[in-house]
4 protein chains.
Amino acid sequence: MTNDKLLFASDYMEGAHPALMRRLLETNLEKTPGYGQDGYSESARAKIRAACAAPEADVFFLVGGTQTNATVIDAVLRPWQGVIAAESGHVSTHEAGAIEYGGHKVITLPQREGKLDAAQVRRCVDAYRGDENREHMVMPGMVYISQPTEFGTLYALAELEALSAACREAGIALYLDGARLAYALATPGNDVTLPDIARLCDAFYIGGTKCGALFGEAVVFPKRGFVPHFFTMVKQHGALLAKGRIAGVQFDALFTDGLYLEIGRTAIEAAERIRAALREKGYRLAFFAPTNQIFLLLDRARATALQEKLELSFWENPDADHTILRIATSWATTKEDVDRLIDVL
Amino acid sequence: MTNDKLLFASDYMEGAHPALMRRLLETNLEKTPGYGQDGYSESARAKIRAACAAPEADVFFLVGGTQTNATVIDAVLRPWQGVIAAESGHVSTHEAGAIEYGGHKVITLPQREGKLDAAQVRRCVDAYRGDENREHMVMPGMVYISQPTEFGTLYALAELEALSAACREAGIALYLDGARLAYALATPGNDVTLPDIARLCDAFYIGGTKCGALFGEAVVFPKRGFVPHFFTMVKQHGALLAKGRIAGVQFDALFTDGLYLEIGRTAIEAAERIRAALREKGYRLAFFAPTNQIFLLLDRARATALQEKLELSFWENPDADHTILRIATSWATTKEDVDRLIDVL
Amino acid sequence: MTNDKLLFASDYMEGAHPALMRRLLETNLEKTPGYGQDGYSESARAKIRAACAAPEADVFFLVGGTQTNATVIDAVLRPWQGVIAAESGHVSTHEAGAIEYGGHKVITLPQREGKLDAAQVRRCVDAYRGDENREHMVMPGMVYISQPTEFGTLYALAELEALSAACREAGIALYLDGARLAYALATPGNDVTLPDIARLCDAFYIGGTKCGALFGEAVVFPKRGFVPHFFTMVKQHGALLAKGRIAGVQFDALFTDGLYLEIGRTAIEAAERIRAALREKGYRLAFFAPTNQIFLLLDRARATALQEKLELSFWENPDADHTILRIATSWATTKEDVDRLIDVL
Amino acid sequence: MTNDKLLFASDYMEGAHPALMRRLLETNLEKTPGYGQDGYSESARAKIRAACAAPEADVFFLVGGTQTNATVIDAVLRPWQGVIAAESGHVSTHEAGAIEYGGHKVITLPQREGKLDAAQVRRCVDAYRGDENREHMVMPGMVYISQPTEFGTLYALAELEALSAACREAGIALYLDGARLAYALATPGNDVTLPDIARLCDAFYIGGTKCGALFGEAVVFPKRGFVPHFFTMVKQHGALLAKGRIAGVQFDALFTDGLYLEIGRTAIEAAERIRAALREKGYRLAFFAPTNQIFLLLDRARATALQEKLELSFWENPDADHTILRIATSWATTKEDVDRLIDVL
């Protein structure tokens with residue numbers, strides 16, 4: 001059931017990293033309790049706490065990204081609060097209204113390279129507080145960001161520190177969506193570590209689905225007890241995995257011998273080779289991103305031609321004549337795949 | 001990380017059936033599109049349609065049972081409607097309010113052996129229709145049942161036909177939760193087949209999590225187009241798997257060479273041996289169930305003693321002196337496990 | 001547009017008590033700020049605090065009963081909690097699923113004369129706490145009762161004290177729906193006063209709609225700050241009245257010169273005359289209620305005959321041969337109405 | 001409890017128009033059935049159908065604007081749909097998240113003078129339909145506008161016709177919020193009549209609260225049966241008035257002898273006198289609006305000074321040095337009020 005086209009559409013086209021598959025196989029017929037109460041999940045939680053230098057953290061394993069965002073945001077916000085996000089944020093655009101389904105408004109602010117900055121958050125909170133009608137309005141209760149962003153860009157440590165300070169001043173939570181966090185961590189020049197994130201955010205998730213697992217996202221609340229009854233909220237959101245250990249075994253493997261910190265490197269190196277080739281061949285990028293995603297700005301005819309040979313991801317049509325297509329590499333991208341892609345380009 | 005106790009607490013303690021693991025491994029590094037658009041999912045859907053003799057059916061793969069119930073019920077009901085369920089139904093008791101989180105009332109009716117009957121449904125619908133205040137009330141819009149029930153019992157074909165007829169007369173949907181459907185299908189004396197279910201229900205799911213898969217439930221709407229925009233509803237409920245093919249590969253394997261129809265047999269045979277031993281040793285059952293679950297009625301001291309050697313599932317305390325514990329077998333239960341269990345008993 | 005039939009169907013068939021209409025007229029063209037920030041609302045709040053001997057209470061004016069129940073319950077409960085109610089409770093039956101629309105389960109318990117008792121609440125909370133699956137279940141977070149109940153019966157002070165003690169021990173809120181509270185307060189033998197309610201409940205509402213106002217319910221939280229951001233929750237629930245003073249003026253009048261404590265007396269006296277006449281004429285009551293509602297148990301033919309001359313309220317059909325009809329008196333019921341009713345009976 | 005300041009903060013500071021109060025008094029002690037089943041409500045519905053030239057219309061009386069918007073939008077949209085609104089729309093800003101509480105996203109588009117245009121709607125719908133990820137997105141299912149807009153401006157008939165055509169082409173509903181509709185109808189130059197609105201919209205409401213009633217909004221669905229079970233949805237949203245006839249009597253009076261078409265005239269004339277005086281005295285307007293609202297752009301010091309003598313409505317701080325204050329006139333504004341205001345200015 002393979003496809004003749006060269007596939008660079010996304011970073012979730014393969015199964016799991018071989019180390020994870022091996023552990024799933026080795027443990028397959030063991031019996032463990034369900035719902036994440038097993039030893040593998042416990043071990044994975046301990047390793048994640050250690051990797052985040054957050055010894056008190058509450059850690060939970062959920063299945064997918066939209067589910068995780070919807071559950072965490074709904075669990076942290078009170079009913080009168082909304083979540084601030086970039087207008088390009090995943091929760092703003094591509095979650096089919098999952099946040100609103102949970103009863104909360106996404107308060108969108110303009111993005112710059114997919115990012116929010118501390119000044120924007122301050123202005124938004126101040127505007128709310130200074131508004132005489134604020135009791136008729138949705139109160140900002142959280143800031144949602146992602147690392148990397150939807151545009152594949154990265155927050156620098158200084159930016160994240162400023163955002164965190166703004167949130168703490170305002171008394172609102174900072175939540176980081178790390179669906180592709182492994183790729184951020186493997187990007188040369190990235191200066192934001194897992195302990196930084198745990199120190200600066202109130203909640204975040206370490207992505208598994210796009211970073212080497214069959215599925216799974218590890219939610220981390222650095223401060224113990226930050227969200228009461230989160231387990232029940234996970235169940236209520238339909239996000240509780242019966243065989244929780246399937247996620248536990250995978251995250252245990254991802255956090256053994258530093259695999260999670262390494263796993264993105266292949267993808268980043270592949271992306272850098274592709275970017276170099278694109279530069280050489282005169283392609284235009286819609287915007288620059290240093291991680292595992294590349295956004296090509298193409299005229300329509302060219303886009304159509306490329307799509308005959310390549311499976312890329314449609315991003316958007318910025319105007320009537322152009323199309324933006326996304327190339328994504330992953331931990332599984334091979335040198336041969338990249339060679340063939342460069343040939344096609 | 002194994003446990004010295006003999007584990008008979010549930011049917012989701014192991015990973016996946018070896019045939020599924022093998023296919024996951026074989027396909028692991030293939031690239032496929034996400035969200036169930038891959039060839040394995042398509043193949044699994046075709047096989048499920050064939051097994052159900054429902055060539056027009058819409059089939060979707062979700063992750064877990066509560067999630068599936070919440071998504072299907074919310075997608076089928078209109079806002080003014082609720083779902084009828086037995087007071088012992090999973091949606092009534094053990095889903096942490098997931099149905100109500102979606103805005104719908106669970107209209108509970110008394111159970112008999114975990115089951116509802118057609119007369120109850122008719123009375124409930126008639127009572128609603130005959131009530132002069134019905135416009136101030138929640139309209140019954142669906143009947144939820146499970147096969148086997150929470151009590152491990154089975155609907156006979158005649159019972160299911162009667163329920164289906166009552167629902168069709170009433171113009172409301174019949175939805176069957178098949179979390180443990182493989183065990184029902186493998187039970188001697190069961191006379192309800194997959195084609196019967198597809199013919200008699202408007203929606204059902206074929207359980208994977210408890211029936212040999214790592215996770216996964218196959219939702220079947222026998223009538224094409226029965227639920228518009230279900231894909232988006234799945235996404236909105238956080239139930240859409242990015243690497244949809246992981247579910248697809250598993251269900252493809254489960255529906256290859258009749259595996260799903262066979263996989264429950266080991267569990268049923270093990271349960272029958274255990275039931276025979278229990279009878280012989282004079283144990284009391286809380287109620288009789290022919291499938292893979294056994295409900296022991298024990299006095300407290302005995303229950304405590306047993307739980308030191310066995311990991312069983314707490315069911316309930318029917319009164320101050322007694323406890324009901326559940327023994328569950330599964331496709332993975334071995335002859336040795338059963339031998340040891342009988343020794344302990 | 002009057003009706004030839006004698007109307008005893010409900011206690012919300014007339015407009016407002018003349019004292020309220022007079023004040024609405026007198027103040028009609030004054031200008032005041034909106035949303036309950038006006039002086040009349042402030043005055044009404046002060047008078048209600050005084051009448052309840054609850055000087056710190058937060059008081060809000062909402063429009064109707066279902067709205068009030070849905071808003072208060074949603075504001076007090078956290079997402080993982082549900083509200084305990086009698087299976088006959090208004091929130092359980094006749095609010096079209098408004099509580100579930102807000103995401104919360106109504107945990108129904110059997111009623112006795114429309115009432116819950118402390119032992120039931122304790123058992124329900126203990127069952128939850130003792131259940132090993134409780135994290136998969138809806139946590140009881142509040143008890144909902146009404147005074148009078150749906151059956152027109154009254155909690156005695158000792159019963160209310162016991163319920164309150166059970167709730168406080170369990171750490172859950174006690175909420176009293178006082179849609180018809182004026183009739184309770186005016187019933188001979190009632191020993192529960194407004195200060196008792198304020199002392200024993202965490203939230204309650206003093207009904208206006210059925211007790212002399214055009215509309216309006218006064219929500220009282222005896223403990224200041226018990227519900228944060230309640231104003232915004234009221235707005236979000238669509239329950240905030242722009243011209244809040246229309247409710248304020250009415251409650252100000254209802255709590256001037258003890259009107260609220262008097263206003264039910266006419267209704268109770270009328271009901272007592274009717275009950276005496278019914279006894280004399282050999283009618284059967286479905287159950288006894290000492291307040292302004294009377295529940296006649298009639299065979300069908302008799303019920304049909306009566307309904308030709310009287311507009312009563314359909315209650316239910318307890319079996320195939322009988323019908324229960326409700327007679328309700330109100331503050332506006334006249335001696336002549338009662339005379340004519342007794343003639344017809 | 002009057003206020004020494006001259007009050008021009010809003011158009012809901014008084015009670016009801018004397019004609020309505022008179023009818024409420026005259027009918028006060030009549031007995032009628034509840035929930036809008038009374039003769040006055042029926043008469044009001046008939047008059048509204050006639051005024052709208054919509055003989056088949058379904059008409060319902062709700063209490064307030066936010067409630068009406070939340071109920072209508074939730075009743076018309078399906079779960080996967082959102083409502084398009086101007087970023088300045090009331091549903092986008094000042095309803096405390098009531099639309100999201102109902103589970104729906106407000107899809108905001110930039111406004112021009114508070115308005116949306118047909119081209120924007122087409123682009124938004126086309127963008128959704130052309131997006132390959134649309135199944136992961138919220139589908140536009142309705143357009144929300146208001147007449148007058150939040151900025152006091154009016155849609156011209158040609159604009160409304162274009163919007164309506166765009167919606168019908170797109171197969172989505174057009175909903176018009178007429179909270180201040182009487183002022184639109186009374187504005188010289190307005191060319192949009194009630195029959196136009198009924199012809200061009202799928203749902204709209206005729207505002208009572210701000211247009212002469214104590215409270216109340218008349219929802220009109222020109223096409224009979226457009227929203228199934230709307231009555232139950234109203235109940236579920238807590239928006240059903242027990243004494244429905246209080247709204248019915250008021251709307252019956254508003255639609256007797258053309259009162260609704262006249263009632264805004266006083267407000268418009270007052271606003272025109274004030275605008276003339278402002279022009280003369282050199283005040284700056286934040287933007288021009290022809291209806292009963294005037295938006296003054298003032299430097300902060302001036303704003304503060306004015307607010308000592310006048311109660312105006314805070315609108316926003318467009319920058320650090322300026323404030324926008326709103327003057328609103330109403331059906332109750334007197335010549336003397338205007339004289340005094342002009343003196344103060």
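**Close-up views of a predicted model**

**View 1. The seven-stranded sheet of chain A and the helix lying across it.** In this predicted model, strand S7 (residues 203-207) of chain A pairs with strand S8 (residues 217-221) of chain A in the antiparallel sense over four bridges, where two strands count as paired if DSSP finds at least two bridges between them and where helices (H or I, at least four residues) and strands (E, at least two) are DSSP runs, numbered from the N terminus. Within this pair, Tyr205(A) stands opposite Val219(A) in S8(A). Both strands belong to an open sheet of seven strands with mixed pairing, whose order is S2-S8-S7-S6-S5-S3-S4 (chain A). Its edge strands are strand S2 (58-62) and strand S4 (106-109) of chain A, each of which pairs on one side only, and the twist from one strand to the next averages 25°. Helix H3 (residues 65-76) of chain A lies across S2, strand S3 (81-86), strand S5 (139-146), strand S6 (173-178), S7 and S8 of chain A, and runs at about 170° to S6(A); axes here are lines fitted to C-alpha atoms, for helices over the stretch in contact, and angles run from 0 to 180 degrees between N-to-C directions.

Residues are numbered from 1 along each chain as its sequence is written, while chains are lettered from A and ligands numbered from 1 in the order in which they are written. Because the model is predicted, local features need pLDDT of at least 70 and side-chain atom pairs count only at pLDDT 80 or more, whereas totals for chains, interfaces and linings use all residues.

**View 2. The four-stranded sheet of chain A.** Four strands form an open, antiparallel sheet in the order S9-S10-S13-S12 (chain A). Strand S9 (284-287) and strand S12 (313-316) of chain A stand at the edges with a single partner strand each, so one side of each is left without a neighbour in the sheet. The twist here averages 45° from one strand to the next. S9(A) pairs with strand S10 (residues 293-299) of chain A in the antiparallel sense over three bridges, and Phe287(A) stands opposite Phe295(A) in S10(A). Helix H14 (residues 300-309) of chain A packs on the sheet, where it touches S10 and strand S13 (322-328) of chain A, and its direction makes about 125° with that of S10(A).

**View 3. Two helices of chain B.** The axes of helix H13 (residues 265-281) of chain B and helix H15 (residues 335-344) of chain B come within 10 Å and cross at roughly 15°. That makes H13(B) roughly parallel to H15(B), a term for angles under 35 degrees. H13(B) contributes Ala270(B), Arg273(B), Ile274(B) and Ala277(B) to the contact, and H15(B) contributes Val338(B), Leu341(B) and Ile342(B); residues are in contact if their C-beta atoms, placed from the backbone, lie within 7 Å.

**View 4. Where chain C meets chain A.** Here 11 residues of chain C are in contact with 11 residues of chain A. Helix H10 (residues 230-236) of chain C supplies five residues, the largest share of the side of chain C that touches chain A. Chain C can be laid on chain A with an RMSD of 0.0 Å by a turn of 180° and a shift of 0.0 Å along the axis, the copies being superposed by least squares on the C-alpha atoms of residues with pLDDT of at least 70 in both.

Technical notes: Two residues are in contact if their C-beta atoms, placed from the backbone, lie within 7 Å. Angles under 35 degrees count as roughly parallel, over 145 as roughly antiparallel, 65 to 115 as roughly perpendicular and the rest as oblique.
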